[in-house]
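Trainee: Could you take me through one part of this protein closely, the packing of its interior, and show me how the rest ties in? I'd like it in plain bench talk.

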Amino acid sequence: MGYDYDTFAADLSQLLEHLDLRDVVLCGFSMGTGEVVRYLGEYGSSRVSKAVLIGVIPPFVLKTDDNPEGVDREVFEGIKAGIATDRYAFFKGDTWLTDFRADLPKIDVPTLALHGTADRILPFAVTAARLSGLIDDVTVVPVEAGPHNIGWAHHEEVNRALLGFIAGTTAALKSAV
């Protein structure tokens, strides 16, 4: 076990069990969206009522023969080269390059995906735009001109959509963008 999504999901599972939490809404940002997806794919939704993905990393960002929609590996090598050498193990396992395509169809709770259309870290077309065909009950909300950290740059829209989704009101989702 190490710095990877299997470990993150296992830790989350242990926490939810230890605290005996039920009917939770799992919400992740960026790499945290992978943790939410892997948790639901591996451990199911018995303790989860909804999922929220903000600045989505799934389904699979790396361009490969069976994922031509992905981003060229060179882009990620450039990002890695720009990270300071003392950033611990952030990129040692290339966690950004994890393939979540097998996890996504296992998600059986209502899911909200909020993603900026101007995200240069995780491009909308490669990530959030592809979720509709992979998760049965997903609402994808593109935040127009939103960067990667839409929770900071577009906090009002994100909060309105997030709270509306949790409360079960779809009007808030339509007015979020």
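Mentor: Here is a walk through the interior, with a few stops in the loops and on the surface.

Keep in mind that this is a predicted model. The chain has six helices and four strands, and along the sequence they come in the order α-β-α-β-α-β-β-α-α-α. Of the 177 residues, 47% are buried. If you take the contacts between residues at least 6 apart in sequence, 72% of them join residues at least 24 apart.

Now the core itself. The largest nonpolar core has 34 residues, and the ones with the most contacts inside it are Leu26, Tyr39, Leu40, Val48, Ile107 and Leu131. The elements that give two or more residues to this core are helix 1, strand 1, helix 2 and strand 2. Apart from it lies another core, this one of 11 residues, with Ile54, Val141, Ile150 and Leu162 among them.

Let's zoom in on Leu26. It sits in strand 1, and its relative accessibility is 8%, which is under the 20% cut-off, so it counts as buried. Who does leucine 26 touch? Skipping its neighbours within four places in sequence, leucine 26 is in contact with Leu12, Val36, Tyr39, Val48, Lys50, Ala51 and Val52. A distance to check on your screen is the one from leucine 26 to leucine 53: they are 27 residues apart along the chain, and their C-alpha atoms are separated by 8.5 Å.

Leu131 is another of the residues with the most contacts inside the core. Not counting residues up to four places away in sequence, leucine 131 touches Leu53, Val56, Pro58, Pro59, Leu104, Ala113, Val138 and Val140. Two of the names in that list, Pro58 and Pro59, deserve a detour. The peptide bond from proline 58 to proline 59 is cis, with omega near 15°. Most peptide bonds are trans, so this is one to click on. Proline 59 lies in the loop between strand 2 (48-54) and helix 3 (73-82).

Back to Tyr39, one of the contacts of leucine 26, because it brings us to the aromatics. A search of the whole structure finds four aromatic pairs. In one of them, the rings of tyrosine 5 and phenylalanine 8 have their centres 5.4 Å apart and their planes at 85°, so that pair is edge-to-face. Both residues lie in helix 1, three residues apart, or about one turn of the helix, and both are buried. In another, the rings of tyrosine 39 and tyrosine 43 have centres 5.5 Å apart and planes at 20°, so they are stacked. These two are four residues apart in helix 2, which means about one helical turn separates them. Their surroundings are worth setting side by side: tyrosine 39 is buried, with a relative accessible area of 2%, whereas tyrosine 43, at 38%, counts as partly exposed. Ring pairs also link Tyr3, Tyr5, Phe8 and Phe100 into a cluster.

A couple of backbone spots are worth a look too. Most residues other than glycine have a negative phi. Serine 30, though, has a phi near 55°, a positive value in a residue other than glycine. Serine 30 is found in the loop between strand 1 (24-29) and helix 2 (31-43), and it is buried, with a relative accessible area of 8%. Alanine 145 also has a positive phi, about 65°, although it is not a glycine. You'll find alanine 145 in the loop between strand 4 (138-143) and helix 4 (150-153). Alanine 145 is exposed, with a relative accessible area of 56%.

Last, the outside. The accessible surface of the chain comes to about 9,000 Å², with 53% of it belonging to carbon and sulfur atoms. Leu15, Leu19 and Leu21 make a nonpolar surface patch of about 250 Å². Leucine 19 is found in the loop between helix 1 (5-18) and strand 1, and at 47% relative accessibility it counts as partly exposed. Set that beside leucine 26 in strand 1, which counts as buried at 8%.

Conventions: Residues are numbered from 1 along each chain as its sequence is written. This is a predicted model: local features need pLDDT of at least 70, side-chain atom pairs count only at pLDDT 80 or more; totals for chains, interfaces and linings use all residues. Side-chain values use heavy atoms; hydrogens and water are left out. Buried means under 20% relative accessible area, exposed over 50%, partly exposed in between (1.4 Å probe, protein chains only). Contact means heavy atoms within 4.5 Å. Accessible areas come from the Shrake-Rupley method with a 1.4 Å probe; for residues, only the protein chains shown count as cover. Patches are made of residues with over 30% relative accessible area and no salt bridge: like charges are joined within 9 Å, nonpolar side chains (Val, Leu, Ile, Met, Phe, Trp, Tyr) within 5 Å. A salt bridge is a side-chain nitrogen of Lys or Arg within 4 Å of a carboxyl oxygen of Asp or Glu. A nonpolar core is a set of buried Ala, Val, Leu, Ile, Met, Phe, Trp, Tyr and Cys residues joined through side-chain atoms within 4.5 Å. Rings of Phe, Tyr and Trp (its six-membered ring) pair if their centres lie within 6.5 Å; planes under 30 degrees apart count as stacked, over 60 as edge-to-face and the rest as tilted.
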